[in-house]
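Here is a short report on the ligand site, the empty spaces and the backbone of one protein. Look over the sequence and the model before reading on.

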Amino acid sequence: MTDLAHRYQELVTAGELRPDPDQKRAAERLAILQAELEAQPARGSTLWKLLRKPPEAPRGLYLWGGVGRGKSMLMDLFFDRAQVKRKRRAHFHEFMLDVHERLREVRKSESGDPIPPVVAALAEEARLLCFDEMVVNNMADAAIMSRLFTGLLEQRVTIVTTSNRAPDDLYKDGLNRQLFLPFIELIKQKLDVMSLNGPVDYRRDRLGNAKLWQAPNDASATAALSESFFRLTDYPVEDRARVPSEDILVPGGRSLHVPKSLKGVAVFSFKRLCAEARGASDYLAIARHYHTVIIVGIPVLGPENRNEAARFVTLIDALYEYKVKLLAGAEAQPDALYPTGDGSFEFERTASRLMEMQSDEYLAKGHGE
Ligand SMILES: Nc1ncnc2c1ncn2[C@@H]1O[C@H](COP(=O)(O)OP(=O)(O)OP(=O)(O)O)[C@@H](O)[C@H]1O
Ligand SMILES: [Mg+2]
């Protein structure tokens, strides 16, 4: 199999990717890591048994930069190509949910420090961990990150992660930040920190001049949204009938069916999101999971739709809070969506957010920031 740097070059030569010096550097570095990982003897093999102590884990990578710079694209290329049996790629937020869940389980049965057994289990499952979108914005995560990651590195796990922020800017202005500083030091010491921060936001580029808010919701709106989806996900239009769906976890142990879900982009109908009994926890789960959400079939709402309108307000608040990019097909412009009915006055704030969510400034913000 050709290594990652060659594959990257092939994509550039074929015109599928535009040449980008930062990406080239990162691809070359990831190719070295790929070779190092693949050169390690498999655990339990004869060679492995001959070693007096287990080999050092190859040094991982922290890739950071603005939105749409190609971090996830490169990490996915790397992850798919790396011939490593025990590997795991996770959205950082979901990984931390999983960690907290495991910590809770351990605490139920053991009285000691719960972190070491959780680290041991994670290290057993994967020797290569790739995290997409590392962002730390809550105390619960910040407080355990240093010990968790120290443990994983000690257990010879190689970590590759992407983030919109440089290590020094993680959890900036967060509560009790001093507890978090050792984690930043650890990252800088143990991982190669590389920026992927060229001038082009390729995601924005792919959206071209297409309007994010399509109104009215007619055939041309549907066509435009569908085209945006395929451009954003690099999915072949011929396979449109086979776009994968996904069930995402909602805190509380429920799950939510997402009819179209690919590369951090989700498509929903307004009906599914706002006409069923859904609430803030569902919307927050969506907002954390997807960097881009496409909502189709948004009707003009009236007094008889106050529940739908209230849910829509909660949904937009969640998407806005997590800086999710929103594309929509609606019967009207945001300020004419809910002209009369309970809460239509408060809806003005939602309309104003919807306008702001189409601005370049909003679109340049990192997911979950
Ligand atoms: N050199 C390139 N030429 C053309 N398209 C590119 C290039 N690099 C990335 N892209 C495309 O741009 C889009 C955004 O890339 P990607 O999702 O990897 O960005 P990101 O850095 O992870 O952004 P974010 O920080 O928001 O997660 C993807 O559709 C990707 O395939
Ligand atoms: Mg990304």
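Helices and strands are DSSP runs numbered from the N terminus, with at least four residues for a helix and at least two for a strand. The model is predicted.

## Where the ligand sits

Start with ligand 1. How many residues surround ligand 1? The number is 18. The closest are Arg-18, Gly-68, Lys-71, Ser-72 and Asn-164. By class, this shell has 7 charged, 6 polar and 5 nonpolar residues.

Why does ligand 1 lie between domain 1 and domain 2? Both domain 1 (4-195) and domain 2 (202-363) give residues to the shell, so the ligand lies between them.

## Polar contacts and cover

Three side chains are worth finding in the view. Ser-72 has a side-chain N or O atom 2.8 Å from an oxygen atom of ligand 1. For Arg-203, a polar side-chain atom lies 2.9 Å from a ligand oxygen. Asp-234 has a side-chain N or O atom 3.2 Å from an oxygen atom of the ligand.

How much of ligand 1 does the protein cover? On its own, the ligand has 640 Å² of accessible area, and the protein covers 94% of that. Two elements give two or more residues to the shell: helix H4 (71-81) and helix H9 (202-207).

## Two cavities

Next come the enclosed spaces. Rolling a probe the size of a water molecule over the atoms shows where empty space is left. The structure holds 2 cavities of 30 Å³ or more.

The largest cavity has about 40 Å³ of space. Its lining is Val-67, Asp-201, Arg-203, Arg-204, Leu-207, Lys-325 and Leu-363. Which element gives the most to this lining? H9 does, with 3 residues. The lining divides into 4 charged and 3 nonpolar residues, with no polar ones. Arg-203 thus appears twice: it lines this cavity, and its side chain has a polar atom 2.9 Å from a ligand oxygen.

The second largest cavity has about 30 Å³ of space. Phe-149, Leu-153, Ile-159, Leu-186, Ile-187 and Leu-191 line it. This lining has 6 nonpolar residues, no polar and no charged. Helix H7 (139-154) and helix H8 (181-190) each supply at least two of the lining residues.

## An open pocket

Now turn to a pocket. The second largest pocket has a volume of about 490 Å³. It is lined by 22 residues. Closest to its centre are Pro-41, Arg-43, Trp-48, Arg-86 and Arg-127.

Which helix gives the largest share of this lining? Helix H6 (residues 115-125) does, with 3 residues. By class, the lining of the second largest pocket has 11 nonpolar, 7 charged and 4 polar residues.

## Two backbone exceptions

Most residues other than glycine have a negative phi, and most peptide bonds are trans. Two spots in this model depart from that pattern, one for each rule.

The peptide bond from Ala-215 to Pro-216 is cis, with omega near 0°. Where is Pro-216 found? Pro-216 is in the loop between strand E6 (213-214) and helix H10 (219-233).

Tyr-171 is not a glycine, yet its phi is positive, at about 50°. Tyr-171 lies in the loop between strand E4 (158-163) and H8. H8 is also one of the helices that supply at least two residues to the lining of the second largest cavity.

Note on methods: Residues are numbered from 1 along each chain as its sequence is written. Chains are lettered from A and ligands numbered from 1 in the order in which they are written. This is a predicted model: local features need pLDDT of at least 70, side-chain atom pairs count only at pLDDT 80 or more; totals for chains, interfaces and linings use all residues. Side-chain values use heavy atoms; hydrogens and water are left out. A residue is near a molecule or strand if one of its heavy atoms lies within 4 Å of it. A polar contact is a pair of N or O atoms within 3.5 Å; within protein, one must be able to donate a hydrogen and the other to accept it, and residues adjacent in sequence count only if both atoms are side-chain atoms. Accessible areas come from the Shrake-Rupley method with a 1.4 Å probe; for residues, only the protein chains shown count as cover. Ala, Val, Leu, Ile, Met, Phe, Trp, Tyr, Cys and Pro count as nonpolar, Asp, Glu, Lys and Arg as charged, and the others, Gly among them, as polar. Domain bounds come from an automatic or database domain assignment. On a 1 Å grid over the protein atoms alone, a cavity is a set of points where a 1.4 Å probe fits but cannot get out, and a pocket is an open set with protein on both sides within 12 Å along at least five of seven lines; lining residues have an atom within 4 Å of a point. Grid points are joined across faces, edges and corners, and a volume is the space filled by probe spheres set on the points.
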